Amino acid sequence: MQGNNIIAAISTPAGVGGIAIIRLSGEGCIRLAGSVFKPYGNKMLGEQKANTIHFGSIMKDDTVLDEVLISLFKAPHSFTGEDVVEISCHGSVYIQQNILQLLISKGARLAQPGEFTQRAFLNGKMDLSQAESVADLIASSSAAAHRLAMNQMRGGFSNKLIELRTELLNFASLIELELDFSEEDVEFANRERLKEAAYDIELHISKLAESFEVGNAVKNGIPVAIIGETNAGKSTLLNLLLHEEKAIVSDIHGTTRDVIEDTINIQGLAFRLIDTAGIRDTTDEIESLGIERTFKKIEQANIILWITDVGTTDEHIRDLAEKILPAVKNQKLILVFNKVDMISAERKENKERLLREEIPDRIFISAKYEQGTNDLESLLVKAADIPEIGEQDVIVTNMRHYAALENALSAIRRVGEGLDLHLSGDFLSQDIRECMHYLGEITGQISTDDILGNIFSKFCIGK
Ligand SMILES: Nc1nc2c(c(=O)[nH]1)N(C=O)[C@@H](CNc1ccc(C(=O)N[C@@H](CCC(=O)O)C(=O)O)cc1)CN2
Ligand SMILES: Nc1nc2c(ncn2[C@@H]2O[C@H](COP(=O)(O)OP(=O)(O)OP(=O)(O)O)[C@@H](O)[C@H]2O)c(=O)[nH]1
Ligand SMILES: [K+]
Ligand SMILES: [Mg+2]
């Protein structure tokens with residue numbers, strides 16, 4: 001049916017803002033929009049040039065639904081690569097819904113989530129990793145996450161993958177050429193040079209794969225577990241850093257029983273703060289489960305803030321250290337002495353020396369009276385140890401890309417091993433092709449409907 005291929009959606013958030021945008025894409029969408037648009041000028045919409053904007057009314061039969069601006073894009077020069085019409089109307093939900101229904105009654109259909117971007121991908125406007133970065137860009141909540149998504153959208157990652165693919169292709173041709181001439185027993189490809197090439201590619205791919213640790217932390221927030229004895233002030237600190245009464249604070253030991261998480265932005269970096277149940281010996285079953293979770297969160301965090309009441313005895317702190325230190329592996333551990341408002345300078349000096357060797361990073365704060373918390377924030381940024389990210393840096397932020405890179409890495413490693421073992425060219429070339437296949441999955445040169453469906457269904461409607 002004609003028009004069935006025209007998709008429509010409200011691209012702006014529901015019910016907020018003075019102006020809303022309704023987007024149409026697909027062959028015939030300009031004519032479709034023209035059928036409900038009464039221009040104030042004398043030319044009909046269908047006669048207008050690409051990249052122009054027009055003022056007029058949207059008509060439902062004889063009633064004016066709204067006065068709008070309509071922007072025209074013509075294939076292939078649009079976001080989707082198809083004809084695109086954008087209607088800017090007033091931001092009333094009533095108007096938006098009525099215009100959308102009107103367009104659907106004229107033959108458009110509701111766009112699925114991400115369908116505009118999916119079309120842009122299918123029409124070659126961008127590759128798959130760029131399309132995915134659009135969703136990341138929309139979700140970015142810190143300067144660093146924004147920069148990574150922007151680099152990816154502008155093709156940094158794609159270009160790197162194209163480079164690698166070209167290298168692999170050259171590599172495969174060398175080996176395959178040799179295969180064609182195998183009867184004549186010639187060696188076109190110098191084995192040492194092939195080994196170097198394989199190693200060089202391996203190095204590039206492994207660098208990309210390794211960047212995922214930083215990329216993932218920047219995109220999802222660096223996980224910070226806030227742990228320690230009951231009543232140390234963990235939830236007070238969480239609320240202070242979040243500027244929100246997220247967790248219940250009380251002078252009752254064991255107030256927090258389950259994990260509470262939220263994300264904050266400090267100096268352009270996102271941190272995922274995780275408040276946990278206070279550690280103590282308890283017979284309460286629920287509380288014990290909460291404490292088990294505390295130890296799980298220690299495992300999952302990059303940074304651990306061990307909060308202790310500065311008035312807690314040295315013995316008790318040492319006892320806790322025996323439980324906490326074995327659970328800490330690669331994570332950064334910071335010892336936070338809380339409630340400094342309650343103690344003397346002399347007492348503080350004594351605590352300065354406690355567990356110095358085991359935990360060199362420490363700070364004194366008062367969560368309740370907001371003392372030392374700026375320094376704590378700076379300490380968090382330092383502990384996060386995220387390298388400065390430049391515009392040219394390619395950093396992997398997507399689990400799907402990471403998994404594909406790991407597969408590509410195994411394949412290119414097999415090529416290197418095959419060369420060491422003097423395996424015949426057909427084996428080598430098979431692994432090189434496999435490596436290319438996995439890189440192609442990232443850019444979408446290799447893709448299935450399942451993969452695409454999975455990616456685009458997570459987008460918002462209208463994107
Ligand atoms: N109103 C509106 N704002 C928007 C978008 C949109 O689609 N509509 N975008 C949607 O994400 C982003 C902008 N991205 C866009 C990317 C390409 C084209 C486009 O028309 N490209 C053509 C022409 C390029 C040219 O003139 O040089 C092309 O690539 O051929 C439009 C928007 C953010 N803001
Ligand atoms: N004087 C003083 N009191 C504080 C400070 N920080 C927290 N408190 C008080 O300490 C008590 C316990 O605080 P919480 O934040 O609930 O402690 P918690 O570590 O989350 O406790 P649990 O969830 O029970 O493990 C509350 O009465 C807070 O008001 C501080 O810096 N100074
Ligand atoms: K408490
Ligand atoms: Mg608490």
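I will go over the cysteines and then the nonpolar cores of this model. Keep in mind that the model is predicted.

Cysteines first. How many disulfides does the count come to? Zero. Take Cys-29: the closest cysteine sulfur belongs to Cys-89 and is 16 Å away, which is too far for a bond. A pair would have to lie within 2.5 Å to qualify. The same goes for the other partner, as Cys-89 is in no disulfide either, with the sulfur of Cys-29 as its nearest at 16 Å. As for the surroundings, Cys-29 is buried, at a relative accessible area of 0%. Cys-89 is buried too, with a value of 1%.

Now the cores. The largest nonpolar core contains 36 residues. Which residues have the most contacts inside it? They are Leu-269, Phe-271, Ile-303 and Leu-305. Helix α12, covering residues 373-384, gives the most to this core, namely six residues. Domain 2 (134-214 + 398-456) and domain 3 (222-384) each supply at least three residues to this core.

Let me stay with Ile-303 for a moment. Leaving aside residues up to four places away in sequence, Ile-303 touches Ile-222, Pro-223, Val-224 and Ala-225, among others. Its contacts also include Phe-271, Lys-332 and Ile-334. Leu-380, Ala-383 and Ala-384 are on the list as well.

Finally, there is another core, apart from the largest one, with 30 residues. Among them are Phe-171, Leu-194, Val-396 and Ile-442.

To recap: zero disulfides, a largest nonpolar core of 36 residues, and another core of 30.

Technical notes. Residues are numbered from 1 along each chain as its sequence is written. Chains are lettered from A and ligands numbered from 1 in the order in which they are written. This is a predicted model: local features need pLDDT of at least 70, side-chain atom pairs count only at pLDDT 80 or more; totals for chains, interfaces and linings use all residues. Side-chain values use heavy atoms; hydrogens and water are left out. Buried means under 20% relative accessible area, exposed over 50%, partly exposed in between (1.4 Å probe, protein chains only). A nonpolar core is a set of buried Ala, Val, Leu, Ile, Met, Phe, Trp, Tyr and Cys residues joined through side-chain atoms within 4.5 Å. Helices (H or I, at least four residues) and strands (E, at least two) are DSSP runs, numbered from the N terminus. Domain bounds come from an automatic or database domain assignment. Contact means heavy atoms within 4.5 Å.
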